[in-house]
Amino acid sequence: MKWMVVIAAALASCNGAMEHPSEHDASAAHVEPQWRVVDTEFSKGRLGHEQTVTFQDLITFHGHWCDGLVVGALGLGEALTPLFPNAPIDRTDLRIISRSSPCLTDVAVMLTGGRAQFGTFQVSDTLAGLYIVQRISDGKAYRVRLNPGIKPAAIDSLTPLAIARTLSPCGLDSLQAIEQRFGDALLAMDPKAAFTISELADFHWPEATGPVHTKTDILNKLAPRCAH
Ligand SMILES: [Zn+2]
């Protein structure tokens, strides 16, 4: 498994009492996913700068804890594992197609390094599943699907109402509570039971629909080291 785990309960003492019902319960007995990633060392640098991206980093980038962030992170993590089984995730060598959800798209760009302006990130709601992620250098690609029955049906029935802004204030709170329980449950389960990862043989990356710019900070990623 790619991501290392940290018992969230160990962090609970730092949080003190989180009593507001709308707050995510960090004391829930689940694990916090982390991913080891590698990028280039500077604006024109070689590949080699390794970091750990935590689930908390995803929350900071995205803006809030939500079930979609959990779904995206765990699901994509399952596809990144076979792409980089014994190595950090190379964020200079991935491109990804994501469903348009704000949560899923933020996970996609954060964990893969894919960016629309460089032609390595696309969004599609006709996609079967959540993501298609592809390693650029060898074309190896995987589709990520959330298995049927994992996500509570109430989320799917209440979400259109919330998007239409017709859900009552109390209805919004109920939806938040349902999503929180779902996200916590997902974090507590084996992601292999929640997601189906399928390799796509001979996957062809779609043509970009907008201008594609050169990502100048990866051009020298394979440059040899200075001999002096
Ligand atoms: Zn979100």
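Here are three short exercises, with worked solutions, on a sheet and its helices in a predicted model.

**Exercise 1. Work out the strand order of the open sheet, and find which strands stand at its edges.**

Step 1. Start with β7, residues 131-135. On one side, β7 pairs with β5 (residues 94-98) in the antiparallel sense, over 5 bridges. To check this in the viewer, look for Ser98 opposite Tyr131 of β7.

Step 2. Now turn to β8, residues 141-146, which runs antiparallel to β7 and is joined to it by 4 bridges. Here Ile132 has Arg143 of β8 as its bridge partner. The hairpin of β7 and β8 has 5 residues between the strands, and its Gly139 takes a positive phi near 80°.

Step 3. Carry on from β8 to β9: these two run antiparallel and share 6 bridges. A handy landmark is Tyr142, which stands opposite Glu199 in β9.

Step 4. Put the pieces together. The open sheet has 5 strands in the order β6-β5-β7-β8-β9, and its pairing is mixed. The edges are β6 (121-123) and β9 (195-200); each has a single partner strand, so one side of each lacks a neighbour in the sheet. On average, neighbouring strands are turned by 15° against each other, direction ignored.

**Exercise 2. Find which strands helix α3 lies across, and which strands α4 touches.**

Step 1. Take α3, residues 67-83. This helix lies across β7, β8 and β9, and runs at about 150° to β8.

Step 2. Next take α4, which packs on the sheet and touches β5, β6 and β7. The direction of α4 makes about 175° with that of β5.

Step 3. Compare the two lists: β7 appears in the list for α3 and also in the list for α4.

**Exercise 3. Explain why α4 and β7 can each be called largely enclosed by the rest of the structure.**

Step 1. Recall the cut-off: a residue is buried if 20 or more other C-beta atoms lie within 10 Å of its own.

Step 2. Apply this to α4, residues 102-112. Of its 11 residues, 9 are buried, so the helix is largely enclosed by the rest of the structure. The buried residues are Cys103, Leu104, Thr105, Asp106, Val107, Ala108, Met110, Leu111 and Thr112. Just after the helix comes Gly113, with a positive phi near 80°.

Step 3. Do the same for β7. Here 4 of the 5 residues are buried, so this strand too is largely enclosed by the rest of the structure.

Definitions and conventions: Residues are numbered from 1 along each chain as its sequence is written. This is a predicted model: local features need pLDDT of at least 70, side-chain atom pairs count only at pLDDT 80 or more; totals for chains, interfaces and linings use all residues. A residue is buried if 20 or more other C-beta atoms lie within 10 Å of its own, exposed if 12 or fewer, and partly exposed in between; C-beta atoms are placed from the backbone. Two strands pair if DSSP finds at least two bridges between them. Axes are lines fitted to C-alpha atoms, for helices over the stretch in contact, and angles run from 0 to 180 degrees between N-to-C directions. Two residues are in contact if their C-beta atoms, placed from the backbone, lie within 7 Å.
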